[in-house]
Amino acid sequence: MNLLSANNLSHTFEYKLFSDVALELNSGETIAIIGMSGSGKSTLLHILSTLLTQDEGSVSLFGEDIEKMSKKRLGEIKRHDLGLIFQSHYLFNGFSAYENLEVSEILSQSKIDEILLERLKIQEVIHNRVTKLSGGQQQRVSIARVMTKQPKIIFADEPTGNLDNKTADEVMELFFEYCRDKNAGMILVTHDENLAHKCQKVYKLEDRKLQQLQ
Ligand SMILES: Nc1ncnc2c1ncn2[C@@H]1O[C@H](COP(=O)(O)OP(=O)(O)OP(=O)(O)O)[C@@H](O)[C@H]1O
Ligand SMILES: [Mg+2]
């Protein structure tokens, strides 16, 4: 089943970042996007995940064009089906890590998975305030928060950037396993080429084009 389909995307900020970008994501598929710093990877991920509107082209999620969706439908899809893990996390700082997960639990009506907390090795700090956690712990809490809602598509922008190699590998294994088990899709932006090549498809954003390498 097609989860996401992007056609003819282009976007410009101070300069043209990319044009003519096309991408398809199917159930169970994992895609990596690599490219130099400043090439527009995060911008592209923001467009694909409905956070930003492209200058040209279209993005469809589950067969529906985002620009033609009602606000209500788009809100439902964002709440239930899309999991966004970005370079900077968006946890509520005044809350504990666990309270952040509870917010997600309520919004998406799915249960916090204790095994997930164990695998992310955050069960010991889960009741601490977000501001008391290390950067890597905060990153793992934001991953737990996103996984709690069991999204159909994971958008991950350098999700393991703050983690040591071993923890990063374990966290990535969790994502890959999740996609296999739930038949979900993932679009991963990373600077780590080894990690990128663990995805089924690899694209590179270079010279304002998105080219498929693998
Ligand atoms: N909201 C914005 N307004 C204006 N310019 C922006 C905005 N967001 C990004 N840019 C610019 O667009 C370019 C691409 O940024 P982007 O964050 O997409 O790059 P990236 O490939 O993700 O880089 P990195 O690997 O460093 O994360 C940069 O020059 C950046 O300054
Ligand atoms: Mg980026």
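**Entry 1: the ligand shell**

Which element gives the most to the shell around ligand 1? I looked this up in a predicted model, and I found that α1 gives the most, with 3 residues. Next I listed the residues around ligand 1: F13, E14, L17, G35, S37, G38, S39, G40, K41, S42 and T43. I then sorted the shell by type and got 2 nonpolar, 7 polar and 2 charged residues.

**Entry 2: helix α1**

I stayed with α1, which covers residues 41–48. Which of its residues are buried? I noted K41, L44, L45, I47 and L48. These buried residues cover an arc of only 160 degrees around the axis, so they sit on the same side of α1. K41 goes into my notes twice, since K41 is in the list around ligand 1 and is also buried in α1. Just after α1 comes T50, and I wrote down its positive phi, near 75 degrees.

**Entry 3: the sheet beside α1**

Here I traced an open sheet of 4 strands, in the order β2-β1-β4-β5, with antiparallel pairing. Its edge strands are β2 (16–26) and β5 (64–65), as each pairs on one side only. What does α1 touch when it packs on this sheet? I found β1, β2 and β4 (56–61). The direction of α1 makes about 130 degrees with that of β1. A reminder to myself: strands of a sheet pair through backbone hydrogen bonds, either parallel or antiparallel. In this sheet, β1 (residues 2–12) and β2 pair in the antiparallel sense over 7 bridges. I picked one bridge to look at, and there H11 has F18 in β2 as its partner.

**Entry 4: a hairpin further along**

I moved on to β9 (residues 201–206) and β10 (residues 209–212), which pair in the antiparallel sense over 4 bridges. Across this pairing, Y203 stands opposite Q212 in β10. The hairpin has 2 residues between the strands, and in it D207 takes a positive phi near 50 degrees.

**Entry 5: two more positive phi values**

Where is K121 found? I located K121 in the loop between α4 (114–119) and α5 (135–148). Its phi is near 55 degrees, a positive value in a residue other than glycine. K121 has 14 other C-beta atoms within 10 Å, so I put it down as partly exposed.

Q150 lies in the loop between α5 and β7 (153–157). Q150 is not a glycine either, yet has a positive phi of about 50 degrees. I counted 16 C-beta neighbours inside 10 Å, and therefore Q150 is partly exposed.

Terms used. Residues numbered from 1 in each chain as written. Chains lettered and ligands numbered in written order. Predicted model: local features only at pLDDT ≥ 70, side-chain atom pairs only at ≥ 80, totals over all residues. Buried ≥ 20, exposed ≤ 12 C-beta atoms within 10 Å, placed from the backbone. Arc of directions from axis to C-beta. Near = placed C-beta within 6 Å. Nonpolar A, V, L, I, M, F, W, Y, C, P; charged D, E, K, R; others polar. Pairing = 2+ DSSP bridges. Contact = placed C-beta atoms within 7 Å. Axes fitted to C-alpha atoms, helices over the stretch in contact; angles between N-to-C directions.
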